[in-house]
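Let's take a walk through this model together, starting with its aromatic rings and moving on through its cores, pockets and backbone oddities. Keep the viewer open as you read.

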Amino acid sequence: MKDAFGAPQSLLVLGGTSEIALATARRLIALRTRTVRLAGRPGPALDAAAAELRARGAEVRTVGFDALDAESHESTLGEIFAEGDIDMVLLAFGIAGDQGRDEEEPLAAVRVAQTNYTGAVSAGLVCAGALQAQGHGSLVVLSSVAGERVRRADFIYGSSKAGLDAFTQGLGDALHGTGVHVMVVRPGLVRPEPTPETTPEAVPEAVPAARAASPSPARARGGAALLASARITAARTASVRFASAPLEAPSLTTTPDAVAEAIVTGLRRRSETVWVPGSLRAVMSALRHVPRPLFRRLPL
């Protein structure tokens, strides 16, 4: 069970060598998480990750897990839950692929889709069922901002994350009221090195622009139509700003530690959606409304 501060006592990581997952595990261990299960492909990297977390005071065990072997998920994950309740499952596995190669080699593209989406659907449903059976727990799924509006530059990866994101939201709705908390995490581009802190001046002013363009209640006789027009205007204005500040800009990127901090905060607040950095919420809100002909011209 979670302690009085909302920190899980036990953690299961699917994708046990993920930098974000390990950064999250470190923070949770510092908050008194004592049991960790790292599930991933057996090898030196998984063993090293377990050794590091043990050195921080947790009881850690590794479990062989292959996202592509969906037929094994029920038995493998079922054995973990049979050992005792799991307070938090962090679904952190996935591959970026190589867009250029994957377009030329459809089987490589299929591997990206099967890992990021099909494998996650299988593992997510197995874990969701186990959490529901025990009556409590959190399922945290690492999605990506890439799935919010799929770009030409990485549409194979982005489409797989779009599917994962939609699946996670639907699963959260299905489990609402059961005692199981589902949270989707949407990081921007994750860089290993620290990035400059986001400042108000560096964040595109998409939301303020939309508010400024919105009519006041006293003047809104065609409220819905005027609001829609205001949003389109705001999106067009924002798109021009984004053209000189693409999503790889330092103010819109993040680090594993920053994502881990956001995950822990989201757990405490029982958030359903977490953006990292938070400024991406406004950015993607605007980008979603940019017409496709204009969107194609953006350097994204």
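**A walk through the fold**

Count ring pairs by the rule that rings of Phe, Tyr and Trp (its six-membered ring) pair if their centres lie within 6.5 Å, and you get one aromatic pair. The partners are Phe65 and Phe93, whose ring centres sit 5.7 Å from each other with 45° between the planes, so the pair is called tilted. For that label, planes under 30 degrees apart count as stacked, over 60 as edge-to-face and the rest as tilted.

Before going on, note that this is a predicted model, where local features need pLDDT of at least 70 and side-chain atom pairs count only at pLDDT 80 or more, while totals for chains, interfaces and linings use all residues. Residues are numbered from 1 along each chain as its sequence is written, and side-chain values use heavy atoms, with hydrogens and water left out.

What does the pair tie together? Phe65 is in the loop between strand E3 (59-64) and helix H3 (73-82), and Phe93 is in the loop between strand E4 (88-91) and helix H4 (99-104), so the contact links parts that are 28 residues apart in sequence. Helices (H or I, at least four residues) and strands (E, at least two) are DSSP runs, numbered from the N terminus. Both rings are tucked away: Phe65 is buried at 7% relative accessible area, and Phe93 is buried at 9%. Here buried means under 20% relative accessible area, exposed over 50%, and partly exposed in between (1.4 Å probe, protein chains only).

From Phe65, hop over to Thr76, which is in helix H3. The C-alpha atoms of Thr76 and Phe65 are 7.3 Å apart, although the two are eleven residues apart along the chain. Thr76 is buried too, with 16% relative accessible area. Leaving out residues up to four places away in sequence, Thr76 touches Val63 and Gly64, where contact means heavy atoms within 4.5 Å.

Now for the greasy middle. In soluble globular proteins, nonpolar side chains tend to be buried together. A nonpolar core is a set of buried Ala, Val, Leu, Ile, Met, Phe, Trp, Tyr and Cys residues joined through side-chain atoms within 4.5 Å. The largest one has 30 residues, and Leu38, Leu90, Val185 and Ile263 have the most contacts inside it. Helix H1 (residues 19-30) gives the most to this core, with six residues. Apart from it lies another core, of 28 residues, with Leu12, Leu77, Ile86 and Cys127 among them.

Leu90 is a good place to look around. Not counting residues up to four places away in sequence, the contacts of Leu90 include Leu11, Val13, Ala21, Thr24, Val140 and Ile263. Thr24 itself is in helix H1 and is buried, at 0% relative accessible area. With the same sequence neighbours left out, Thr24 touches Met88, Leu90, Ala260 and Ile263.

Where are the openings? A pocket is found on a 1 Å grid over the protein atoms alone, as an open set of points where a 1.4 Å probe fits, with protein on both sides within 12 Å along at least five of seven lines; lining residues have an atom within 4 Å of a point. The largest pocket has a volume of about 660 Å³. Its lining has 32 residues, and Ser144, Tyr157, Gly188, Leu189 and Val190 are the closest to its centre. H1, helix H6 (155-175) and helix H10 (280-287) each give two or more residues to that lining. H10 is mostly covered, with six of its eight residues buried.

The second largest pocket has a volume of about 300 Å³. It is lined by 16 residues, and Phe93 turns up again among the closest to its centre, together with Gly15, Arg41, Gly94 and Ile95.

Last, some backbone quirks. Most residues other than glycine have a negative phi, and most peptide bonds are trans. A cis peptide bond joins Val276 and Pro277, with omega about -5°, and Pro277 is in the loop between strand E7 (273-276) and H10. Arg32 has a positive phi of about 85°; it is in the loop between H1 and strand E2 (35-40) and is partly exposed, at 37%. Arg270 also has a positive phi, about 55°. Arg270 is in the loop between helix H9 (256-269) and E7, and is partly exposed at 45%.

How values were computed
Points joined across faces, edges and corners; volume = space filled by probe spheres on them.
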